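Hi,

Here's the structure I said I'd pass along. Have a look at it first, and my notes follow underneath.

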Amino acid sequence: YPQAFIYDLDGVITDTAEFHFFAWKKLADGLGVSIDRQFNEQLKGISRMDSLEQILKLNSSLVRFTKEEKVNLANQKNVYYLELIESINSTNILPGIECLLKKNKELNIKVALGSASKNAVQVLNQLGLTKYFDFIVDASKVKKGKPNPETFTTAADHLGIPYSSCIGIEDAAAGIEAINEANMFSVGVGTIEHLSHADYLVGDTSKLVFEEIVKRYKE
Ligand code: B16
Ligand code: MG
């Protein structure tokens, strides 16, 4: 058996990836650039500031912003995001997730969160899922975000589990890269187009079945 499951938050446990997209879209619209879902794929899993930089790169007239102005823009995006997540609760847990968490606990498998979000603790609390987690890694605990493996290795190190005995679950290309770099088994939630580097890929979270994941891990 694997000894630890490390879950990404946005896009795996709950559909906040959508809310991040809406919030960035609103900010970008205000700056006169439009972003679509295709572009948004590269923002998934990366930090707030790095995401902003990607958007500003879209238009040469946007490189003029000072550091301070960029911080203000990033804060503004977070204000939009916080409005969107205000009302989330346990009904926003994606299908299959709580079942998988329960299975982990039943079998004494350690559970950690590996999120790039500064809002991770709040979101997990609102979902009522904090009780399942032995350790939470969010933006405050790592120096190098995804695709660097630090988010995942920090979780495993704290739990005292060898990397090869960990399974990481991610919806972002940068996240799968991070899990692979950590020498863990990567489970992707999404399309082959974006996540072809996942060790095991499912189309959506309802297909995250414990026995099936473990079977692939053992192969
Ligand atoms: P925040 P995850 C990531 O969370 C999101 O995928 C990414 O879109 C977002 O920019 C990042 O968190 C930072 O979030 O602005 O809330 O600090 O997928 O790693 O759980
Ligand atoms: Mg994600």
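**The magnesium site**

Three protein residues act as donors to the magnesium ion (ligand 2): Asp8 (OD), Asp10 (O) and Asp171 (OD), at 2.1 to 2.2 Å from the ion. Bear in mind that this is a predicted model. Along the sequence, the donor residues follow the spacing D-x1-D-x160-D. Asp8 sits in the loop between β1 (4-7) and α1 (16-30), while Asp171 is in the loop between β4 (166-170) and α8 (173-181), so this pair ties together parts that lie 163 residues apart in sequence. Both Asp8 and Asp171 are buried.

**Helix packing around α4**

α1 also turns up in a helix contact, this time with α4 (residues 67-85): the two axes come within 9 Å and cross at roughly 135 degrees. An angle from 65 to 115 degrees would count as roughly perpendicular and one over 145 as roughly antiparallel, so α1 and α4 are oblique to each other. The crossing of α1 past α4 is right-handed. On the α1 side, the residues in contact include Phe19, Phe22 and Trp24, and on the α4 side they include Leu73, Tyr80 and Tyr81. Sorted by class, this contact has ten nonpolar, three polar and three charged residues.

α4 packs against α3 (residues 48-56) as well, with the axes 10 Å apart and an angle of about 105 degrees, so α3 and α4 are roughly perpendicular to each other. Among the residues that meet here are Met49, Leu52 and Leu56 from α3, and Val71, Leu73 and Ala74 from α4. This contact divides into six nonpolar, two polar and four charged residues.

Cheers

Technical notes: Residues are numbered from 1 along each chain as its sequence is written. Chains are lettered from A and ligands numbered from 1 in the order in which they are written. This is a predicted model: local features need pLDDT of at least 70, side-chain atom pairs count only at pLDDT 80 or more; totals for chains, interfaces and linings use all residues. Side-chain values use heavy atoms; hydrogens and water are left out. Donors are N, O and S atoms within 2.8 Å of the metal (3.2 Å for Na, K and Ca); water is not among the atoms, so sites may look incomplete. Helices (H or I, at least four residues) and strands (E, at least two) are DSSP runs, numbered from the N terminus. Buried means under 20% relative accessible area, exposed over 50%, partly exposed in between (1.4 Å probe, protein chains only). Axes are lines fitted to C-alpha atoms, for helices over the stretch in contact, and angles run from 0 to 180 degrees between N-to-C directions. Angles under 35 degrees count as roughly parallel, over 145 as roughly antiparallel, 65 to 115 as roughly perpendicular and the rest as oblique. A crossing is left-handed if the near helix is turned anticlockwise from the far one by less than a right angle, and right-handed if clockwise. Contact means heavy atoms within 4.5 Å. Ala, Val, Leu, Ile, Met, Phe, Trp, Tyr, Cys and Pro count as nonpolar, Asp, Glu, Lys and Arg as charged, and the others, Gly among them, as polar.
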